[in-house]
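Hi everyone, thanks for coming. I'd like to walk you through one structure today, so please have a look at the sequence and the model while I talk.

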Amino acid sequence: MALSGDHVIVKMDDSGGTLRQFADGDIRSIDLGQQYDQFDVTGFGDEVHQFINGQLQAPVGIEGYLTTESPSGTHTVIQGAFAAGSQVTLEVQVGDNAAPVASDPKYSGEFLIGSYRPQIMTGGAVLFTATLKPATGDAPAWGTV
């Protein structure tokens, strides 16, 4: 599921463990991919293949503009946590054609930042991509704001 737009709020812990909200427009897209490992448990007498779900994979991909404001610029927060190897809380709130309010969807979990790549091009905006993977045995989950 890829989310992008005016009504998505993205928050992430900085290297000190403080949850920071990125400014409107700093995040271009966030991909909250979830898939299960699936295992074939088909017996020889079965007519069709049968599968069971194993463990959940829940990587997150983030793309945005590199900003350096203190304390909540994207580079300030993500690079600091990436360099420190800090576990971060990620929270993504999705509004229903308006700013998120109570009862709107929220995705959250604990992650490690696996990669952070600034993309610097002459004459253009400085962009970045980052990937996060779950840091604990608890799966990231959808809930409500």
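How many aromatic pairs does the structure hold? The answer is two, and please keep in mind throughout that this is a predicted model. One of the two is formed by Tyr-116 and Phe-128. Their ring centres are 5.8 Å apart and the planes meet at 45°, which makes the pair tilted. Tyr-116 belongs to strand β9, residues 105-119, while Phe-128 belongs to strand β10, residues 127-134, so the pair ties together parts that are 12 residues apart in sequence. Are these two rings buried or exposed? Tyr-116 is buried, with a relative accessible area of 8%, and Phe-128 is buried too, at 1%.

While we're talking about rings, have a look at Tyr-65. Arg-28 lies over its face, 5.7 Å from the ring centre.

Next, the salt bridges. The structure holds two. Let me start with Lys-11 and Glu-91, whose side chains meet at 4.0 Å, N to O. This pair links distant parts of the chain: Lys-11 is in strand β2, residues 8-13, and Glu-91 is in strand β8, residues 87-94, with their positions 80 residues apart in sequence. Both partners are buried.

Then there is Asp-14 with Arg-20, where the closest N and O atoms are 3.0 Å apart. How accessible are the two partners? Asp-14 has a relative accessibility of 13%, so Asp-14 counts as buried. Arg-20, at 21%, counts as partly exposed; the cut-off for buried is under 20%.

Let me stay with strand β8 for a moment, since Val-88 lies there as well. Val-88 is buried, with a relative accessible area of 0%. Its C-alpha atom is separated by 9.3 Å from that of Leu-132, although the two residues are 44 apart along the chain.

Now to helix α1, residues 74-84. Which of its residues are buried? They are Thr-74, Val-77, Ile-78 and Ala-81. If you look down the axis of α1, these buried residues fall within an arc of 90°, so they line one face of the helix. On the other side of α1, you'll find Ala-83 and Ala-84 exposed. Right after the helix comes Gly-85, with a positive phi near 70°.

Moving along to Ser-86, we find another contact across the sequence. Its C-alpha atom is 8.1 Å from that of Gly-17, and the two residues are 69 apart along the chain. Gly-17 sits in the loop between β2 and β3, the latter being residues 19-21. With a relative accessibility of 47%, Gly-17 counts as partly exposed.

Finally, let's go to the surface. Phe-39, Val-41 and Ile-52 make a nonpolar patch of about 260 Å². Where is Val-41 placed? You'll find Val-41 in the loop between β5, residues 35-40, and β6, residues 51-57. Val-41 is partly exposed, with a relative accessible area of 41%.

To pull a few threads together: the salt bridge between Lys-11 and Glu-91 links β2 with β8, the pair of Tyr-116 and Phe-128 ties β9 to β10, and α1 has its buried residues along one face. That's my tour, and I'm happy to go back to any part of it.

Key:
Residues are numbered from 1 along each chain as its sequence is written. Side-chain values use heavy atoms; hydrogens and water are left out. Patches are made of residues with over 30% relative accessible area and no salt bridge: like charges are joined within 9 Å, nonpolar side chains (Val, Leu, Ile, Met, Phe, Trp, Tyr) within 5 Å. Accessible areas come from the Shrake-Rupley method with a 1.4 Å probe; for residues, only the protein chains shown count as cover. Helices (H or I, at least four residues) and strands (E, at least two) are DSSP runs, numbered from the N terminus. Buried means under 20% relative accessible area, exposed over 50%, partly exposed in between (1.4 Å probe, protein chains only). Rings of Phe, Tyr and Trp (its six-membered ring) pair if their centres lie within 6.5 Å; planes under 30 degrees apart count as stacked, over 60 as edge-to-face and the rest as tilted. A charge sits over a ring if NZ of Lys or CZ of Arg is within 6 Å of the ring centre and within 35 degrees of the ring normal. The arc is that of the directions from the helix axis to the C-beta atoms.
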